[in-house]
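Me: Please take a close look at the charged side chains in one part of this chain. I would like a connected account of how they pair and how accessible they are.

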Amino acid sequence: MTLPSNRLCSMLLVLIGAFASPAAGAADTTPELVPFEASYTAAMEKGLTLNGTAKRTLTAQGNDIWLYRTDVDSFIADIDESLIFRWQDGRVVPMRYRYSLSGFLVSDRKQSIDFDWEKGLASGRYKGKPFEVAIDEGVLDPLGYQLQLHQDIRNGLREMSYQVLDKGRIDEERFAVINGESVRAGGQTQATLKAEKVRENSDRQTLIWFSKEQNYLMVRLRQVEPDGSTYELRLKDAEFER
């Protein structure tokens with residue numbers, strides 16, 4: 001089966017990026033961050049496998065500063081996305097966000113965001129155009145909110161809402177845990193919590209499974225398009241620093 005290259009690329013980006021201050025339900029204690037490295041495989045439509053891999057890593061830099069990265073290597077496009085942030089009172093405080101997309105089937109795309117919390121401003125560039133946005137406490141970037149979602153679910157939250165700065169504007173991203181479920185991922189059956197991205201007036205559905213047995217790491221993501229097409233990421237393997 002052959003799909004248009006622009007559609008292949010757009011859905012790869014959706015899968016990688018589908019991944020809010022909390023609404024309610026926090027536990028009494030806040031878990032610390034756990035460094036990890038995880039790799040994923042991707043598939044779309046009727047089992048068509050994307051010839052590529054996605055890797056995510058979280059590493060400590062010292063003094064409560066962390067580096068969170070996503071790297072995608074595929075025949076469609078290569079993606080290099082990173083965030084330097086401060087971990088403060090159980091919250092991601094973004095400092096420097098970078099995104100780069102390149103490939104022979106797509107136009108190159110870049111975005112940068114630098115956060116100045118003393119001035120309450122974020123400045124950056126998207127598609128070569130500069131922007132500057134006023135920010136309040138709790139505003140996150142496109143990568144940081146995904147890590148915050150993982151941590152909030154790990155900490156007992158079941159409804160989450162985030163203010164996310166992306167492409168020069170701030171939008172709300174909402175999620176809700178809908179049930180528990182056993183899934184096959186990483187070569188084993190795991191107990192998970194399944195969360196759904198909350199959308200209004202949209203037939204698109206995004207579901208994400210977080211493993212209770214692996215520090216609530218994302219082990220599966222499934223998106224269903226309005227036309228019924230399905231796209232999935234599944235955990236291949238993961239390592240946690242002890």
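Reply: Lys194 is a suitable place to begin: its relative accessibility is 11%, so the residue counts as buried, the cut-off being under 20%. In this predicted model, Lys194 forms a salt bridge with Glu181, with 3.2 Å between the closest N and O atoms. Because Lys194 belongs to strand E13 and Glu181 to strand E12, the pair ties together parts 13 residues apart in sequence. Glu181 is partly exposed, at a relative accessible area of 29%.

Strand E12, which spans residues 169-185, also holds Glu173. Glu173 is buried, with a relative accessible area of 18%, and its side chain makes a polar contact of 2.9 Å with the side chain of Lys197.

A further salt bridge involves Arg174, whose side chain meets that of Glu200 at 3.0 Å, N to O. This pair links distant parts of the chain, 26 residues apart: Arg174 lies in strand E12, and Glu200 in the loop between strand E13 (188-197) and strand E14 (205-211). Glu200 is exposed at 59% relative accessibility, whereas Arg174 is partly exposed at 28%.

The side chains of Arg204 and Glu225 also meet in a salt bridge (3.0 Å, N to O). Here Arg204 sits in the loop between E13 and E14, and Glu225 in the loop between strand E15 (218-224) and strand E16 (230-240), 21 residues apart. Glu225 is buried at 10% relative accessibility, while Arg204 is partly exposed at 32%.

Finally, a network of salt bridges links Arg220, Arg222, Glu232 and Arg234. In the whole structure, the search finds twelve salt bridges.

Definitions and conventions. Residues numbered from 1 in each chain as written. Predicted model: local features only at pLDDT ≥ 70, side-chain atom pairs only at ≥ 80, totals over all residues. Heavy atoms only, no water. Helix = DSSP H or I, 4+ residues; strand = E, 2+ residues; numbered from the N terminus. Buried < 20%, exposed > 50% of the residue type's maximum accessible area, 1.4 Å probe, protein only. Polar contact = N/O pair within 3.5 Å; in protein donor to acceptor, adjacent residues only side chain to side chain. Salt bridge = Lys/Arg side-chain N within 4 Å of Asp/Glu carboxyl O.
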